[in-house]
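Me: I have a model open and some terms to test. Can we go through them one by one?

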Amino acid sequence: MHFQKRHIGLLLYILFLLLPIYWLFNMSIKTNTEILGAMTLFPDNPTLANYATILTDPAWYSGYINSMIYVGINVIISLVVALPAAYAFSRFNFTGDKHLFFWLLTNRMAPPAVFLLPFFQLYSSVGLFDTHIAVALAHCLFNVPLAVWILEGFMSGIPKEIDETAYIDGYSFPRFFATIFIPLIRSGIGVTAFFCFMFSWVELLLARTLTSVDAKPIVATMTRTVSASGLDWGVLAAAGVLTIVPGALVIWFVRNYIAKGFAMGRV
Amino acid sequence: MNKITNNKAWFLVLPVFFIVAISAIIPLMTVVNYSVQDIFDPQTRFFVGTEWFEQVLGDSRLHDALIRQIIYTLSVLFIEIPLGIAVALTLPRKGWGVSASMVLLALPLLIPWNVVGTIWQIFGRADIGLGGYVINLLGIDYNYSQNPMDAWVTVLVMDVWHWTSLIVLLCYAGLRSIPDAYYQAAKIDGASRWAVFRFIQLPKMQSVLVIGVLLRFMDSFMIYTEPFVLTGGGPGNATTFLSQFLTRMAVGQFDLGPAAAFSLVYFLIILLVCWVFYTVVMNAGKREEQ
């Protein structure tokens, strides 16, 4: 990479992105007295006490475990149901296919605030309130359509001749799908899982409404602590930093496919 | 690609249909149900027809929230789309810089939305936040929790910070699909930098930009969590957008009928704008191809 003038703009932009995150990190390794005292770019006495508070208090760390569980369930459900459907959309014409596709996308457009109360009543009435599965299912509302959309884009890039050859060679559909087709769209599946993870991980409104104690996600723990116990800035900042870490890790794994993934596989 | 007509494909789609139907149709029916009834308790309910719709559509507080929302969404689009394109053009095409910029750019997208709010809540404060501190140091009186204008600008900057990367990544995907031969041909023809952008790069980015504009329109029109954490919709109502207004009506005041009626109107506005935009752009694309 040769350094050019245009890279200055890029560096400035990335600086703009990183500065607030750095500030959060900076606060998370300060004591509260230092945070409220003088303005310092680097902590005088770096401390891990704030992280220790979170990692030893079940009220805090159970939030991370709950979030991980429902995000995991959601990613699995979304992929399992979206894979065959995306194949159908990319390979066949069938009655009502266009309308069905648009209807699926409209669910991505629905404001979660609209579904807040009905969801609460629906899951309460079937006894799923405050369970991981309830949040995972609720997040399917926007993740399943998204998964179908992205996977369809990736699958349309695979030539149809591959399917036909496999059928001529005597493969049944399930065997072809599992042993030939899925390995071919590995990267697409990785990117889709990434997106499902992302949108389930960052969502707060539904996750907070559908849980109270047993499945309370970390994002809800954070907002409730802010309102309840005054403001322990250091611990709040440390909790924030810890919510960024899983995201940063998954980005690293899909970094080479990320641009294509954001374009829904359609480039 | 020519597709085979085969209605058995419905079997492959059924799981998706059921799972989305459970989480979409049943709640939507509940909303429709509420929107035409006055409910005191589960046994006592009256059919009120379009009364809630009339009440909601005539509510001046809602008009204010809608106008705020439209101004906000337009500002978001006008800033993020050009900025996103500009940043995408500066990205390196090969080498270690590509992976590094991808990871750094995508970082804000993976941060839970309330943490985004928290980050800016801290960053913008004059006493403990670097941003607020520096702005006040420059002699500008800035306080997002007191001054409506400051609050509005902070929410906007936060959105730019949070979501411009999405546009950058989309455009970058479009740019990367341009073969080097195009650039060489342009160089031989002596095309200007602007001509390269207008006739080579922009057309290649068109389809991804449609996705980008649609996603940014939908999501900024439904924004809730970030302003909720940052300003709580205040000061006054300066940053109360539609979702915030709706949640306050449904959960805060428990006005289920009007809230449901408003939900439907809200959803229809988003659907309509997306559909019109999508159709117009797609038709324009077809005409250009012919």
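Reply: Here are the terms, set against their definitions.

This is a predicted model: local features need pLDDT of at least 70, side-chain atom pairs count only at pLDDT 80 or more, and totals for chains, interfaces and linings use all residues. Residues are numbered from 1 along each chain as its sequence is written, while chains are lettered from A and ligands numbered from 1 in the order in which they are written.

Me: What makes A:Ala85 and B:Leu12 a contact?
Reply: Two residues are in contact if their C-beta atoms, placed from the backbone, lie within 7 Å. A:Ala85 touches B:Leu12 on that test, and also A:Val148, B:Val13, B:Pro15 and B:Val16. Residues up to four places away in sequence are not counted here.

Me: Which residues touch the most other members of the largest nonpolar core?
Reply: A:Ala82, A:Ala85, A:Val148 and B:Cys171, in a core of 151 residues. Such a core is a set of buried Ala, Val, Leu, Ile, Met, Phe, Trp, Tyr and Cys residues joined through C-beta atoms within 7 Å. Buried means 20 or more other C-beta atoms within 10 Å of the residue's own (exposed: 12 or fewer; partly exposed: in between), with C-beta atoms placed from the backbone. Helix α7 (residues 132-156) of chain A gives the largest share, 17 residues.

Me: Why is this core said to lie between domain 1 and domain 2 of chain A?
Reply: Domain 1 (1-47) and domain 2 (56-262) both give residues to the core, so it lies between them. The bounds come from an automatic or database domain assignment. The domain centres, taken over C-alpha atoms, are 31 Å apart. Nine residues of domain 1 are in contact with eight of domain 2. On the domain 1 side, α1(A) gives the most, with five residues.

Me: What makes β1 of chain A and β1 of chain B a pair?
Reply: Strands pair if DSSP finds at least two bridges between them. Residues 92-93 of chain A and 4-5 of chain B have two, in the parallel sense. A:Asn93 stands opposite B:Thr5. Strands are DSSP runs of E, at least two residues; helices are runs of H or I, at least four; both are numbered from the N terminus.

Me: How do the residues of chain B that touch chain A divide?
Reply: Into 57 nonpolar, 20 polar and two charged. Ala, Val, Leu, Ile, Met, Phe, Trp, Tyr, Cys and Pro count as nonpolar, Asp, Glu, Lys and Arg as charged, and the others, Gly among them, as polar. In total, 79 residues of chain B are in contact with 83 of chain A. Helix α1 (residues 9-35) of chain B supplies the largest share of the chain B side, 14 residues.
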